2 protein chains.
Amino acid sequence: MTVQKPTAKRRAAAAVPPANPILVEATREPAVESRHAGAVAVVDAAGRTVAAWGDVERPIFPRSAIKPLQALLLVECGAADAFKLGARELALACASHGGEPAHVATVTAWLASVGLTESDLECGAHPPSAEAAALALLRAGTAPNQCHNNCSGKHAAMLSAARYLRLPTRGYVRPDHRIQQEIGRVLDDLTGLTLGKLPCGVDGCGIPAHAMPLRNIAHAMARFAAPDELPPARAGAAKRLAQAMAAHPFLVAGTGRFCTALIQRKQGEVLIKTGAEGVFTAALPKLGLGVALKIDDGARRASQVAIASVLRHLGVLDDGDIEALGGFARPRVTNWRGAEVGVVRPAAGWPA
Amino acid sequence: MTVQKPTAKRRAAAAVPPANPILVEATREPAVESRHAGAVAVVDAAGRTVAAWGDVERPIFPRSAIKPLQALLLVECGAADAFKLGARELALACASHGGEPAHVATVTAWLASVGLTESDLECGAHPPSAEAAALALLRAGTAPNQCHNNCSGKHAAMLSAARYLRLPTRGYVRPDHRIQQEIGRVLDDLTGLTLGKLPCGVDGCGIPAHAMPLRNIAHAMARFAAPDELPPARAGAAKRLAQAMAAHPFLVAGTGRFCTALIQRKQGEVLIKTGAEGVFTAALPKLGLGVALKIDDGARRASQVAIASVLRHLGVLDDGDIEALGGFARPRVTNWRGAEVGVVRPAAGWPA
């Protein structure tokens, strides 16, 4: 055993790829206790990078943060019209919901309206992320079903498209199913990538999880936010989905959730969408910009602080918004007696 | 707004202090999804650094990972003998327990034996971290009390020392209470630091949280592991506490917890102790070494993988141990249907 000093060379050898900047820090006053590195891209609809921090060319898994893009197929293929889906269903198609009664009832009714049931979902079941909903199930002794899965709206959208296109519904989550291939083509178009050449994993809900650089994700979100240059069917689909998210922020996430609170507060001027492992996207229709960020370590607390800080930097949130959304944007660190002992905040000097 | 490229200069400016190496990565096959940086120190009882990764001179908050050191006072001041405390109580003095019935009952009885009750604790209440215990309280409609707090054994130890030393018990968590000052002196001695010159925050359970470099924490843990050079009362106290942790690993943590599983498996040859925000310490009596690690971002999943990997590197765990402790040492990433879609593992090439 030898002494191994933390030289720059050793760090460089171990820290492949190169380190992203620290975006967020958690304090235990009077010191910083923990630090979160990450990267952020802000891109316009023409693909110009307006701002960037960290390595925005490294592929990351956007996870649920691109659900609004994955939902485009439902509308542009004609299924949403054919099945007379309303803004509530479209909001749920873009959602990572809390499994609360309104979410579950709407998805259940939606599936019935296309002749399917909860058992046709292939997302798996998990307890509601909303605490009250999870406790209610526990108290009732009821197991969660697949409609409680936070992704059940996205899956209902995929099943609806499959029904409308007269495709088999079984196996709709598999990479070789035509629904996933069609969604992949939409993502290729909007990101400018050939996703088939990039790594593809399996998402928590079983569908393909394509890796893509933050710059391309932000570009796609900008096109979603400002879709006028897109083909008319896609532009119309993007507008309908954005309007649905703006009209039903509760259905996009739920009780105690940042996506819901921010979309509500900004009345649809800012659409944000979270993804597992520290991802956020934002669509900014008025500025014609898209934002994508990933916290390297996957921490949600840091991703929330970081997206709020970037939106403040871009001028779409002001200090009043940050204060009102403080539980997400500047969460207090408390001890078990409720005293404030620190805060999670943007790292000194970031963003600037 | 200007384009801000992720240049080396920008990264360096934002990433103050300099980046630690990536120790742990979470994959979503076939790619790495998230990365955890951190630092580790391995030191012997004479203070020689045997191995180190990252910046081990930067002060961090060790949190609950130094409970075995904080518990020394209870024994060396004579309180443990005077109150006839056994190995179960001493193990709980070093514990971050799950709030399970055995933990709560033992602490409650211990407090009674020194003429105190749950209401004398100043740690605050929180639901048991052990899921079954938390559910049992919910089902019974019973609120958690301060004995359910994971730190209640440490607090019972502090209260016992205060009783024995005829000090007021009220306010025993405050930095200016003599109990905290005595514990600070023990920590000064073992770490070789003057903690009064370093940042001091408030821990989750209300006591002072001293910041200290990983190298010094590891040195103190090495002295705890191999105490023969310490003054006899302290050496005896360290041995009794280590024996108590080895004899009662369940009381040190609980059901489904890494500390318990590892101490059980190695029959006390390896003592590990977790702390909030990604900290672990280890005491290795046979090798006479102490280990201290901190994951920069505070993630528990990474701290567990990292401490297991360091112990494998040091030869105190073998491949069979890593496999048997796989739920902590190499946790699978699964989707909601239970399929394995990735793994949390040491970063490529680390430790080496």
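The largest cavity in this structure has a volume of about 240 Å³. Everything described here comes from a predicted model, so please read the values in that light.

**Cavities**

In total, nine cavities of 30 Å³ or more turn up in the structure. Rolling a probe the size of a water molecule over the atoms is what shows where empty space is left. For the largest cavity, the lining is made up of 21 residues. Lying nearest its centre are A:Ile22, A:Ala37, A:Asp296, B:Ile22 and B:Ala37. Two elements give two or more residues to this lining, namely β2 (31–44) of chain A and β2 (31–44) of chain B. The largest share, three residues, is supplied by β2(A). Sorted by class, the lining of the largest cavity holds 10 nonpolar residues, with eight charged and three polar ones beside them.

**Cysteines**

How many disulfides does a search of the whole structure find? Over all chains, the count is zero. Two cysteines, one from each of chains A and B, illustrate this nicely, and the table puts their values side by side.

| Cysteine | Closest cysteine sulfur | Sulfur distance | Relative accessible area |
|---|---|---|---|
| A:Cys200 | A:Cys205 | 12 Å | 29% |
| B:Cys94 | B:Cys259 | 11 Å | 0% |

The sulfur of A:Cys200 forms no bond with that of A:Cys205 because the 12 Å between them is too far. A disulfide would need the two sulfur atoms within 2.5 Å. As for surroundings, A:Cys200 counts as partly exposed, whereas B:Cys94 is buried.

**A residue in helix α6**

Now for a look at B:Thr106, which has its place in helix α6 (residues 101–113) of chain B. Is B:Thr106 buried or exposed? With a relative accessible area of 10%, B:Thr106 is buried, because that value falls under the 20% cut-off.

Which residues does B:Thr106 touch, leaving aside its neighbours within four places in sequence? Its contacts are B:Arg88, B:Glu89 and B:Leu92. Within helix α6, a polar atom of the B:Thr106 side chain lies 2.6 Å from the backbone oxygen of B:Ala102. By contrast, B:Glu33 sits 73 residues away from B:Thr106 along the chain, and their C-alpha atoms are separated by 43 Å.

Terms used:
Residues numbered from 1 in each chain as written. Chains lettered and ligands numbered in written order. Predicted model: local features only at pLDDT ≥ 70, side-chain atom pairs only at ≥ 80, totals over all residues. Heavy atoms only, no water. Helix = DSSP H or I, 4+ residues; strand = E, 2+ residues; numbered from the N terminus. Buried < 20%, exposed > 50% of the residue type's maximum accessible area, 1.4 Å probe, protein only. Contact = heavy atoms within 4.5 Å. Polar contact = N/O pair within 3.5 Å; in protein donor to acceptor, adjacent residues only side chain to side chain. 1 Å grid on protein atoms, 1.4 Å probe; cavity = no way out; pocket = protein on both sides within 12 Å on 5 of 7 lines; lining within 4 Å. Points joined across faces, edges and corners; volume = space filled by probe spheres on them. Nonpolar A, V, L, I, M, F, W, Y, C, P; charged D, E, K, R; others polar.
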